[in-house]
Amino acid sequence: MRRILLVGLTVTLVLAGCTTDGDEGTGGEGGRPAKVDGIPTSEGTHKQKMDVGTIGHREFLLHVPSKVSGGEWEDGKPAEPPALVIALHGGLATMGKMEDMSGFNGLSDENGFLVAYPNGVMTTWNAGDCCGAAKVGNVDDVGFLTKLIDKVTGAGLADPDRVYVTGFSNGAGMAYRMACEKPGKVAAIGVVEGALVTDCDPGEPVSAMIFHGTADGSVPFDGGGNRDFNDRRPFPPVSEAVEFWRRVAGLPEPAERVKARTDDTECESTGKGDQGVAVAFCKINGGKHVWPDEASAMLWDFFADHPRGGR
């Protein structure tokens with residue numbers, strides 16, 4: 001716990017020295033305003049602050065690709081609102097670390113979708129039974145992420161039917177919790193080296209792509225370890241999460257081969273059900289508690305193929 005407090009203090013001091021976007025300024029060509037509802041529209045990565053109704057504020061980075069900023073705009077909004085990917089860092093990490101680790105910015109620039117990298121509280125997310133300060137403080141991270149989604153989609157800057165949440169480790173657990181509690185806001189989730197450790201009764205299906213290494217020592221593939229510093233219960237095996245989400249959607253067991261980008265990864269999918277929902281599972285043979293090199297590109301391919309309603 002002391003380590004979490006020290007890391008959180010360090011992150012707070014570092015972020016205090018960062019700059020935020022300035023005045024509205026002038027817009028771009030084609031009727032693009034400089035900002036929409038306070039959100040910058042120019043190409044690049046912008047640090048944003050959000051009031052969530054509590055003491056202080058929450059922060060996130062928003063990456064806007066040139067294909068959006070330089071695309072066609074109508075009435076001050078993108079003519080065709082892009083997808084939004086929300087990428088959640090792991091425990092004892094930050095939004096900047098997730099930006100660097102995931103490589104989503106390059107995929108965003110290539111494919112024309114927005115990426116948001118939110119910051120947890122004291123480098124943690126309240127994913128249910130995990131983790132750290134966010135769990136102990138009962139932080140409303142579901143509320144924060146929901147407000148972030150509503151702000152960007154409500155401004156007309158992203159398509160509400162193409163909002164995707166992915167995360168690593170503690171952030172992966174938070175992606176699960178968003179799908180459990182706000183399935184109407186999330187079209188699909190991407191889980192990397194995480195566990196489902198929250199009560200879950202979504203009421204409607206959500207597409208999911210799950211990556212897990214067989215040699216993960218922090219969140220063991222077959223279950224085990226400790227859920228948190230003050231919770232010695234083991235993590236459930238990854239197979240339970242795969243089974244849970246396919247049952248919610250009424251899907252068969254994953255049996256359709258999905259082409260992986262590396263030889264050590266084996267991926268199978270349930271295929272799309274009646275609602276356009278699918279569950280895919282990628283086992284990384286010998287994989288440890290790290291973000292795999294191929295994960296981001298494969299996640300984007302999966303997300304792009306699984307909007308809400310399967311359209």
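This section describes a strand pair, a cavity, the disulfides and selected salt bridges of a predicted model.

Strand E3 comprises residues 44-50, and 5 of its 7 residues are buried, so the strand is largely enclosed by the rest of the structure. Its partner is strand E4, formed by residues 58-64; the two strands run antiparallel and are joined by 7 bridges. Within this pairing, Gln48 has Phe60 of E4 as its bridge partner.

A search of the whole structure for cavities of 30 Å³ or more returned 1. The space in the largest cavity amounts to about 40 Å³. Its lining is made up of Pro40, Thr41, Leu62, Val64, Val68, Trp73, Leu114 and Leu157. By residue class, this lining consists of 7 nonpolar residues and 1 polar residue, with no charged residue. Strand E4, which spans residues 58-64, thus appears again at the cavity, with Leu62 and Val64 among the lining residues.

The model contains 3 disulfides. With bonded cysteines counted along the chain, their connectivity follows the pattern 1-2, 3-4, 5-6.

One disulfide is formed by Cys130 and Cys131, with an S to S distance of 1.3 Å. The torsion about this S-S bond is about 55 degrees, and the link between Cys130 and Cys131 is therefore right-handed. Cys130 has a relative accessibility of 7% and so counts as buried. Cys131, at 13% relative accessibility, likewise counts as buried.

Another disulfide connects Cys180 with Cys200, the sulfur atoms being 2.0 Å apart. A torsion of about -100 degrees about the S-S bond of Cys180 and Cys200 makes this disulfide left-handed. Cys180 is located in helix H7 (residues 170-181), whereas Cys200 is in the loop between strand E10 (188-192) and strand E11 (207-213); the pair therefore ties together parts that are 20 residues apart in sequence. Cys180 and Cys200 are both buried.

A further disulfide is found between Cys267 and Cys282, with an S to S distance of 2.1 Å. The angle about the S-S bond is 115 degrees, and the link of Cys267 and Cys282 is right-handed. This pair joins distant parts of the chain, since Cys267 belongs to strand E13 (residues 265-269) and Cys282 to strand E14 (residues 279-284), 15 residues apart. Both ends of the link are enclosed: Cys267 is buried with a relative accessible area of 1%, and Cys282 is buried with a relative accessible area of 0%.

Side chains of opposite charge can pair when their charged atoms come close. In the present model, 14 salt bridges were counted. One of them is formed by the side chains of Arg58 and Asp141, at an N to O distance of 2.9 Å. Arg58 lies in strand E4 and Asp141 in helix H6 (residues 141-154), and the pair thereby links distant parts of the chain, 83 residues apart. Arg58 has a relative accessible area of 9%, under the 20% limit for a buried residue. Asp141, at 1% relative accessibility, also counts as buried.

Asp129 takes part in salt bridges with two arginines, Arg227 and Arg233. In the pair with Arg227, the closest N and O atoms are 2.7 Å apart. Arg227 is situated in the loop between E11 and helix H8 (238-248), and Asp129 in the loop between strand E8 (114-118) and helix H5 (132-136), so this salt bridge ties together parts that are 98 residues apart in sequence. Arg227 is buried, with a relative accessible area of 16%, whereas Asp129 is partly exposed, with a relative accessible area of 22%.

For Arg233 and Asp129, the closest N and O atoms are 3.2 Å apart. Arg233 is also in the loop between E11 and H8, and because Asp129 lies in the loop between E8 and H5, the pair connects parts that are 104 residues apart in sequence. Arg233 is partly exposed, with a relative accessible area of 42%. Through shared partners, salt bridges join Asp129, Arg227, Asp231 and Arg233 into one network.

How values were computed:
Residues numbered from 1 in each chain as written. Predicted model: local features only at pLDDT ≥ 70, side-chain atom pairs only at ≥ 80, totals over all residues. Heavy atoms only, no water. Buried < 20%, exposed > 50% of the residue type's maximum accessible area, 1.4 Å probe, protein only. Helix = DSSP H or I, 4+ residues; strand = E, 2+ residues; numbered from the N terminus. Pairing = 2+ DSSP bridges. 1 Å grid on protein atoms, 1.4 Å probe; cavity = no way out; pocket = protein on both sides within 12 Å on 5 of 7 lines; lining within 4 Å. Points joined across faces, edges and corners; volume = space filled by probe spheres on them. Nonpolar A, V, L, I, M, F, W, Y, C, P; charged D, E, K, R; others polar. Disulfide = S-S within 2.5 Å. Salt bridge = Lys/Arg side-chain N within 4 Å of Asp/Glu carboxyl O.
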